[in-house]
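Biologist: I have a list of labels for this chain, and I would like to hear what each one rests on. Can we take them one at a time?

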Amino acid sequence: MVVTLTGENSFATRRRLNELVGKFVAKNDELAVEKLDAEEVEAEGIIEAVKALPFLSAHKMVVVRNGSANKDFAERVEQTISSITDGTDLIFYEPQIDKRTVYYKVLKRQTQFEEFAKLDKFGLVKWLVEEAKGRDAKLSFADANYLVERLGDNQELLYNELSKLAIYDADISKANIDLLTEPTPQSKVFDLLDAAFSDKKRRALELYEDQRAQKVEPQRILGMIAWQLQLLALLKSADGRSSAEVAKDSGINPYPVKKAAGMAAKLSEERIRRMVSEALEIDIKSKTTSLDLDEALKTYITTL
């Protein structure tokens, strides 16, 4: 077995690696697994590990991480694959890989190539529902959607929180989600801006105070506002491209881009420019004067 694991979805890639290693160890000795980081081991050492016959075991597994980062090894990857001995499983674990390289093309052509893309919002919701079923728990699509809205698109965080919820009560409800999870600041800052743009000033200020009560510093809130403004600017200058295309071109996860698309449609380019300019002015003054950043942000929010 020669497998390549790669893709932007680091959670799914790691999980698949652990699954393959776990299955191997269940049938063989744990000492028969050799893990090599190509950034730390010379190409010759990796090739020798692949060529060597299993010792004290009928089978062995070699896991090579970041092979693309080792120029010498990348150039000899075909030699490595052809050197595999009987009874040896080889896994190339490539969290990031340049698809323009010969190395990528060799792995794509000569290995069992498994690529894991990041999940969009719908994909995350569907995955959460299926994951809950696998734990003999029940999670509705509506509540899974709420969980993603509340926590964001970090799949590892969602996995950990789902585990906690399923242990607490197999019938996962919105009430228990509110009880056991904390909303991510980034998600709430988006709600804050949405409220401000909808002229719900009181709600926007409540959300701001909620962030401060959770000990989120004003500088961090300003940084998250700046990130949201960047998304709005990207979408406003999309020139007819869809939110999915904007996400792909900019290297940003599709979920927050899609979420910001509706807001961007309501705003003029001039208004976005003005908001960016005012946020920049607040940032500069907060670093060069005795500006009360808390009060400045509140004023900024209520005048959006």
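Biologist: What is Pro254 in contact with, leaving aside its neighbours within four places in sequence?

Modeller: Pro254 is in contact with Asp120 and Ala247. Contact means heavy atoms within 4.5 Å. Bear in mind that this is a predicted model.

Biologist: Why is Pro254 called partly exposed?

Modeller: Its relative accessible area is 32%. Buried means under 20% and exposed over 50%, so Pro254 with its 32% counts as partly exposed. Pro254 lies in helix H14, residues 254-266.

Biologist: How far apart are Pro254 and Ala296 in sequence and in space?

Modeller: They are 42 residues apart in sequence, and their C-alpha atoms are 31 Å apart in space.

Biologist: What makes strand S3 largely enclosed by the rest of the structure?

Modeller: S3 covers residues 60-65, and 5 of these 6 residues are buried. Buried is under 20% relative accessible area, so with 5 of 6 residues meeting that cut-off S3 is largely enclosed by the rest of the structure.

Biologist: How do you know that S3 pairs with S2?

Modeller: Two strands pair if there are at least two bridges between them. S2, residues 33-37, and S3 have 5 bridges and run in the parallel sense, so they count as paired. Leu36 has Val64 in S3 as its bridge partner, and Glu34 stands opposite Val62 in S3.

Biologist: What lies opposite Val62 in S4?

Modeller: Leu90 in S4 stands opposite Val62. S3 and S4, the latter spanning residues 88-94, pair in the parallel sense over 6 bridges.

Biologist: Which elements make the right-handed β-α-β unit?

Modeller: S2, helix H2 (residues 43-51) and S3 make that unit.

Biologist: Why is strand S1 called mostly covered?

Modeller: S1 runs over residues 2-6, and 5 of its 5 residues are buried. Val2, Thr4 and Thr6 point one way, while Val3 and Leu5 point the other way. In a regular strand the side chains alternate between the two faces of the sheet.

Biologist: Which strands does S1 pair with?

Modeller: S1 and S4 pair in the parallel sense over 5 bridges, and Val3 has Ile91 in S4 as its bridge partner. S1 is also joined to S5, residues 112-115, by 4 bridges, and these two run parallel. Thr4 stands opposite Phe113 in S5.

Biologist: How do you know that the length of helix H1 agrees with the expected span?

Modeller: H1 has 18 residues, residues 10-27, and at 1.5 Å a residue it should span 26 Å. Its end C-alpha atoms are 26 Å apart, so the two values agree.

Biologist: Which residues of H1 are buried?

Modeller: The buried residues are Phe11, Ala12, Thr13, Arg16, Leu17, Leu20, Val21 and Phe24. An α-helix has 3.6 residues a turn, so residues three or four places apart point the same way.

Biologist: How many helices and strands are in the chain?

Modeller: There are 16 helices and 5 strands.

Biologist: Why is the chain called more spread out than a compact globule?

Modeller: The globule rule gives 19 Å for 304 residues, whereas the radius of gyration is 24 Å. That is well over the rule, so the chain is more spread out than a compact globule. Along the principal axes, its C-alpha atoms fill a box of roughly 70 × 45 × 40 Å.

Biologist: What share of the residues of the chain counts as buried?

Modeller: Of the 304 residues, 45% count as buried.

Definitions and conventions. Residues numbered from 1 in each chain as written. Predicted model: local features only at pLDDT ≥ 70, side-chain atom pairs only at ≥ 80, totals over all residues. Heavy atoms only, no water. Buried < 20%, exposed > 50% of the residue type's maximum accessible area, 1.4 Å probe, protein only. Right-handed = clockwise from strand over helix to strand, strands pointing away. Expected span 1.5 Å × (residues − 1). Rg over C-alpha atoms; globule rule 2.2 N^0.38 Å.
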